[in-house]
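What follows is a guided reading of a predicted model. Please keep the sequence and the structure side by side while reading.

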Amino acid sequence: MKTPIWQIRQLAKWPSIAAKIVGLSYLASSQHSSPQERPVFSSKKATSAVEKNQSPTKGKKGKSQANSGHQIPLHKRRQHTGSSDTTPNRGGHLSPKSRRRQSQRLGSPVFAFLAIACLTGAIGHRFYNQPKLGVGTEAPRTIVAPESAQVVDKATTEDRRRAARFGAFPALTIDTTVNEQIRKDLNRLLEQAKQLRDIAGSLPYVSTTVLSLETQRYLRSASGWEWNQILKSLPPAASEPAAPQTEEAPNRQPPTTSPKDEEALVNDLRERAVTGLYRGLSNILGSARDGAVEPLREQSQIALEALKNAHQQRSPAEFRALLEDIEQARQRYFRALSALSPNTSTGIPSIYDARLLELSDKTWEKTQQQIEQTATEILTQGIPPGLPDRILRETVQMQVQQWASSPAAEIASKILLQVLQPNLVKDEEQTRLRAEQAAQAVEPVVVSVREGETIVEAGETITEADFVLLDRFNLTQRGINWNGLLGLGGVVAAAVGVYLLVERKFYRRARRRDRFLILILSLSAPLLGSIAPSFLSLPAIGLLVGSFYGSTLGATVVALLTAVLPIGLEIDVSYLLAAAAGGLVGSIAAGKMRSREELALLGLGVGVAQGGVYLVGALIASATAETVWYTLGTTSAMYGLAGLAWSVVAMGVSPYLEHLFDLVTPIRLAELANPNRPMLKRLAAQAPGTFQHTLFVATLAEAAAKALGANVELVRAGTLYHDIGKMHDPQGFIENQMGGPNKHDRINDPWKSADIIKKHVSEGLVMATRCRLPKAIREFIPEHQGTMLIAYFYHQALQRAKEDSSLEVNEADFRYPGPIPQSRETGIVMLADSCEAALRSLEDATPEEALTMVKKIIRARWQDNQLIDSGLTRDELSKIAEIFVQVWQQFHHKRIAYPKAALAAKK
């Protein structure tokens, strides 16, 4: 029964010392904590303070009557109106979520001002010593030279020499070491092919006058099922092959064996054909089939007719010898196929297949010779680096088709493409010498002026040559460009505003520490860019922000920095775009990574993206793209390695930043959810029933979180740790008693039992703090219980109060300390935890009955104001109930009832 509003207001006016102590302690804890560090409304301090001024809860009515009205449960002071989050509760205080949002709104202007000032100061490097009379500006007056001078235009000279170096053609030479390696690889492949053909044996393996070559190919390679069908289709006497003879007896004679021995031999051969080949090699040549006789295929019919003709033309002994030859050929062929299988450790390359075994010895000998000759011709002509695979493949096919036909041509092409590789290498010394000679041939650009000669007329645009002379005579009026700094500040302010809008839309739970971290990471780009403009930290920023706060926020930060940095720093466009590409790739993909290994692989992608974009940009900017391709290869590779290095740096500092700023990334959540974590292993060992309960709750909560679009990783990790406090007294909870005596029956005191139950929250927080769990995980421990009533012991206390009028029951003593769920994730876990035991107890209930029960439990939590700050709506609660029942059905699916006769033991 809820306390009426008028009674709460009346109680608030009573000058109770206990009420003041409780209220002041609550206010103090709320005022001295950050918005994200919400105080746990623990009963330790408050209760101890209250107990000093009042009698124990389990006492006489007369002694506790005056103070009982002041201990109003927190949930009864909530105002459940569905209005603005800033609506105060009945106690006059904002909820933790409201305080957090209000603090965020108050902190946004401070952060914006700080970010604008810091970023403007770090990025505006060029405005600190900027000439007012720069290249492209108009001269305010006519300026004459105070003295004669000759000044070298270093910038123009260097540009021309750089263009000359890039325009120099590289010198190529044949690398004999590569040719030697190619020949070794080719001989190795040909030797492996010879070994395979030796295993398979010669083809034909019998005279072609007896069986045609195609028939022999088919009989040797037919599947076990097909060969067995052919044997069954032969006349009984004809299908009895003779016992194998030694190679020293080519003229086989009919064996002098008894009919029983002949029958045993036939059965043995048939057993090998049916069982050995059928079960061992049918997965290579065809699917396994039943032993029933089925219609033969066309090839099988042709082979069968050939065998029948051979049987008619030969004696039974000769025909049995023929079958034995076929059987031996099949065994050798299948051994060769087994060596070709990728599951074997023979070292045979995957380029070979069964077609190699189908070539005749004469054809294979010719193919070998032509392969070696073709390889020599191609290597003599030379294969340049960077040659597309398509062109090399077409060249090889064109050469091979001149002397071979399919399938020999296909085998030869595969062998050549397997070993051929670029054998033309750049002669570094000659190329460098040629490029340097071309650069030195460029004369320095010298700008001359005589004393009194006009450098620039008033109103004329200052050129590079004019600027060199003006700077030589200190006439460029260098100084701080305040207008430029103010303009840069305006651009930075706009960028910060865009960031705040994106943050508000996609990451509303950002804390002050999160913004501070993003600001620090953003400042690293201009600070490092002013020192080494070619190595910007955008890839590391993208990886870190993307993995910490999501792909959208990471990509936004990288894009805004890319737009702002060139305004205040002198950065080459190719370097900037390459770093931005690496940062964007890292930020977009980092939010989807779920392990450190995936993040390491992403570093390779970042390096490839950075190096590739730099190469493309440099090629576009150059007029001689074909020449620059070779010249820029090394630079692009180094820049790609720089992107990989930034990824390594990001992975190295990521764990430290996660702990320092209390971050919960998907990767860290996945690591925390590992059941081999020490805390979870302790839970499974010390409280196995609680651990099983936790797993089922996690299954329910994950399914609901996924359907509602909540943070599934956070729900999974938080659920696994939400009941770790039960390890302080495992036997105090029914799931760990394993059918043994109930500890609470021995205690026989509902007040003490309620304290034991509530203690798993406070002890859980202590354990979570000791093992340094993130705050987002620790919040699940108190919030999954909220301020719910421990109904069993509360009603037990009421029953005792009826029997003993001296006892007084205070509902607050049987409620959890709270706070109530402050997020959708903790709210989902509260509902899953509440419904788990009820769903487990259902055995023969229908889904409709289970859904009715679940909705009843959820409705009770809603009416108890436990979900007021969670952000869950009524529609979502209905959806959660349906999902819980679906998961329950998956765990309690029906099975077929076996008849007693099927279960009885056979006699």
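A good place to begin is a pair of helices, H14 (residues 361-381) and H16 (residues 408-419), whose axes come within 10 Å and cross at roughly 40 degrees. Because angles from 35 up to 65 degrees are neither roughly parallel nor roughly perpendicular, H14 is described as oblique to H16. The crossing in which H14 passes H16 is right-handed. On the H14 side the contact is made by Thr363, Trp364, Thr367, Ile371, Thr374 and Ala375, and H16 contributes Ala408, Ala412, Ile415 and Leu416. Sorted by character, the residues of this contact of H14 with H16 comprise 7 nonpolar and 3 polar ones, with no charged residue.

Another helix pair can be read in a similar way. Helix H11 (residues 298-313) packs against helix H12 (residues 316-340) at an angle of about 145 degrees, and their axes are 9 Å apart. Here Leu307, Ala310 and His311 of H11 meet Phe319, Leu322, Leu323 and Ile326 of H12, and the residues of the contact divide into 6 nonpolar and 1 polar, again with no charged residue.

From helix pairs the reading moves to the protein as a whole, whose secondary structure comes to 39 helices and 8 strands. Of its 907 residues, 47% count as buried. Among contacts between residues at least 6 apart in sequence, 79% join residues that are at least 24 apart.

The buried nonpolar residues can then be followed into cores. The largest nonpolar core has 71 residues, and those with the most contacts inside it are Tyr721, Ile724, Ile828, Leu839, Ile880 and Phe884. Taking Ile828 as an example, and leaving aside its neighbours within four places in sequence, this residue is in contact with Ala701, Ala704, Ala705, Leu708, Ala710, Leu872, Ile880 and Phe884. A second, separate core of 57 residues includes Ala510, Leu523, Leu536 and Val545.

A single residue, Leu672, makes a useful last stop, and its place is in helix H27 (residues 666-672). Is Leu672 buried or exposed? Its relative accessibility is 4%, and since buried means under 20%, Leu672 counts as buried. When residues up to four places away in sequence are not counted, Leu672 touches Arg677, Leu680, Ala717, Tyr721, Leu773, Pro774 and Ile777; one of these, Tyr721, is also among the residues with the most contacts inside the largest nonpolar core. Leu672 and Leu714, finally, are 42 residues apart in sequence, while their C-alpha atoms are 9.7 Å apart in space.

Terms used. Residues numbered from 1 in each chain as written. Predicted model: local features only at pLDDT ≥ 70, side-chain atom pairs only at ≥ 80, totals over all residues. Heavy atoms only, no water. Axes fitted to C-alpha atoms, helices over the stretch in contact; angles between N-to-C directions. Helix = DSSP H or I, 4+ residues; strand = E, 2+ residues; numbered from the N terminus. Parallel < 35°, antiparallel > 145°, perpendicular 65-115°, else oblique. Left-handed = near helix turned anticlockwise from the far one by under 90°. Contact = heavy atoms within 4.5 Å. Nonpolar A, V, L, I, M, F, W, Y, C, P; charged D, E, K, R; others polar. Core = buried A, V, L, I, M, F, W, Y, C linked by side-chain atoms within 4.5 Å. Buried < 20%, exposed > 50% of the residue type's maximum accessible area, 1.4 Å probe, protein only.
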